[in-house]
Amino acid sequence: MIFRAKANKALDRAEDPRETLDYSYQKQLELLQKVRRGVADVATSRKRLELQLNQLQSQSSKLEDQGRKALALGREDLAREALSRRAALQQQVTDLETQHATLQGEEEKLTLAAQRLQAKVDAFRTKKETIKATYTAAQAQTRIGEAFSGISDEMGDVGLAIQRAEDKTAQLQARAGAIDELLASGALDDQSGMHKDEIQAELDRISGGSDVELELQRMKAELAGGSPQQAIEGGTGQAQSQQQPQDTPRFDKQ
């Protein structure tokens, strides 16, 4: 029962009323063709009976003439034989006339049935074309309405794809913003060592500058022949003297 119900539902979705109407019209045309063929067969049989009746009637008339001639010649026996044969032929003629009348009645019935069926087929064809045109218009109107409202299968798939893309974009943007905030606050360590905050960058810059100055003083001391420690101390003292205010008064010895 479940299988039949599902199969019926699938067939209902796959069924096109226009194709069903065309198939029904084709079957009616085939039935009309069979009726016409039956009328033709009955008419053919009736025509054969008419030909046989004409032959029997011709033979009956001929026997009658022969019997009359034989009687005129005094041959009563031949006249009696001719009349006997004519009577036998007359019985066949009567039977054929009965069959002919029956076939003629059947032919008239079939002809009338064919005419009625033809009228029904013509009316069905007109109704079929009207229904097909109405169905096509309703189908087009439904598709246009679904396209505008966005409830059709195609538009529904496009809407879902757009929604998924927007959701993924928003999620990636939120994740990128959260990572930037965590790195800036120091709550998330940068394992690559590339990210540093502003304070650490300033400390590195100051220590880097001091290292350069000390290295320069050491090289000067080596060139002057002094020890690196004296050069460093001298460099430090010179730097301190340079930092003293220039307006300090000097006292000369008397």
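Here are some notes on the cores and salt bridges in this predicted model.

1. Ground rules. Residues are numbered from 1 along each chain as its sequence is written, and side-chain values use heavy atoms, with hydrogens and water left out. Local features need pLDDT of at least 70, side-chain atom pairs count only at pLDDT 80 or more, and totals for chains, interfaces and linings use all residues.

2. Main core. The largest nonpolar core (buried Ala, Val, Leu, Ile, Met, Phe, Trp, Tyr and Cys residues joined through side-chain atoms within 4.5 Å) has 7 residues: Leu49, Leu53, Leu56, Leu63, Leu89, Val93 and Leu96. Helices H2 (17-72) and H3 (76-149) each give two or more of them (helices are DSSP runs of H or I, at least four residues, numbered from the N terminus). H2 supplies the largest share, 4 residues.

3. Second core. There's also a separate core of 6 residues, including Tyr25, Leu32, Ala114 and Val121.

4. A buried ion pair. Of the 15 salt bridges (a side-chain nitrogen of Lys or Arg within 4 Å of a carboxyl oxygen of Asp or Glu), take Glu107 with Arg46, at 2.4 Å, N to O. Both residues are buried (under 20% relative accessible area; exposed is over 50%, partly exposed in between, with a 1.4 Å probe and protein chains only). Glu107 sits in H3 and Arg46 in H2, so the pair ties together parts 61 residues apart in sequence.

5. A pair within H3. Arg80 and Glu76 meet at 3.1 Å, N to O, about one helical turn apart. Arg80 is partly exposed at 48%, and Glu76 is partly exposed at 47%.

6. A network. Salt bridges also link Asp22, Lys128, Glu129 and Lys132.
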